[in-house]
Amino acid sequence: MQGKTNKQYEDSARNVGIACIGMIIVLTAIAGTELYDHVAHHWNSKSDQTMEGNYWIPNEADKLWLDSLYEQVKRTEDDVLELNQSVNRIDRKIDEIMLRRIDYPDGTWDSIKVKPSEFKPKVNGNR
C-alpha cells in the first residue's frame, strides 16, 4: 500500500503548525525590535531644533525664471483644455453619426444616409 498513514498525516500537520507558530514568533520579535528602534529614535530627537542657514533666498534671476516657468505651465494648461474641448466635440460628432444610422432588414446598418434606389453598385456590364 502506497501513500501516507494517518499517523504520518498527523505528524506532518503538527510539524507545519509548529513551523507556523515559530515563524509568527520570529516575525513578532523582529517587528518589536524595529518598532523599539523607531520609537527610541523619535523619542530622543529634539523636535524644537531649528535649521539655520539652510534656506533658499531667490534673487531676481530666480524670480524671473519662476515666472517664466509659471507662464509655461499656464500655456500648457490652456493647450490641454483646448485639446479636451476638441476631443469632446469629436466624441459628440461620433455619437451623432451613430444615432443617425440606418438599420436594414438583414440586421446590418450604415451611418451614411443614401437611399437604396440611388445606390447603384458597379458591375462588369454597368460602368
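Glu60 and Lys63 sit three residues apart in helix α2, so about one helical turn separates them. Their side chains meet in a salt bridge, with 3.9 Å from N to O. Side chains of opposite charge can pair when their charged atoms come close. Glu60 is exposed, at a relative accessible area of 55%. Lys63 counts as partly exposed, because its relative accessibility is 40%. Keep in mind that this is a predicted model.

Now step back to the whole chain. It has two helices and two strands. Starting at the N terminus, the elements run α-α-β-β. Helix α1 covers residues 6–44, and helix α2 covers residues 60–99.

How much of the chain is buried? Buried residues make up 0% of the 127 residues. To count as buried, a residue must have under 20% relative accessible area. The chain exposes about 12,700 Å². Carbon and sulfur atoms supply 59% of that area.

Return to the charged pairs. How many salt bridges does the structure hold? There are three salt bridges. The pair of Glu60 and Lys63 is one of them. Next, look at helix α1. There, Asp11 and Lys7 are joined side chain to side chain by a salt bridge of 3.5 Å, N to O. These two residues are four apart in helix α1, so about one helical turn lies between them. Lys7 is exposed, with a relative accessible area of 56%. Asp11 is partly exposed, at 26%.

Asp11 has another partner. Which residue is it? Arg14 forms a salt bridge with Asp11, and the closest N and O atoms are 2.9 Å apart. Arg14 and Asp11 are three residues apart in helix α1, so they too are separated by about one helical turn. Arg14 counts as partly exposed, because its relative accessibility is 48%.

Next come the surface patches. Which residues make the nonpolar one? Trp56, Trp65, Leu66, Leu69 and Val73 make a nonpolar surface patch of about 530 Å². Take Leu66 as an example. Leu66 is found in helix α2. At 37% relative accessibility, Leu66 counts as partly exposed. A patch residue needs over 30% relative accessible area, so Leu66 clears that cut-off with its 37%.

A second patch carries charge. Glu77, Asp78, Asp79 and Glu82 form a negative surface patch. Asp79 is found in helix α2. Asp79 is partly exposed, with a relative accessible area of 45%. That value also passes the cut-off of over 30% for patch residues.

Finally, put the pieces together on the two helices. On helix α1, Asp11 pairs with Lys7 and with Arg14. On helix α2, Glu60 pairs with Lys63. Helix α2 also holds Leu66, a member of the nonpolar patch. Asp79, in helix α2, belongs to the negative patch.

Definitions and conventions. Residues numbered from 1 in each chain as written. Predicted model: local features only at pLDDT ≥ 70, side-chain atom pairs only at ≥ 80, totals over all residues. Heavy atoms only, no water. Buried < 20%, exposed > 50% of the residue type's maximum accessible area, 1.4 Å probe, protein only. Areas by Shrake-Rupley, 256 points an atom, 1.4 Å probe, with all protein chains shown as cover. Patch = residues over 30% accessible without salt bridge, like charges linked within 9 Å, V, L, I, M, F, W, Y side chains within 5 Å. Salt bridge = Lys/Arg side-chain N within 4 Å of Asp/Glu carboxyl O. Lys, Arg positive; Asp, Glu negative; His and termini not counted. Charge placed at Lys NZ, Arg CZ, Asp CG, Glu CD.
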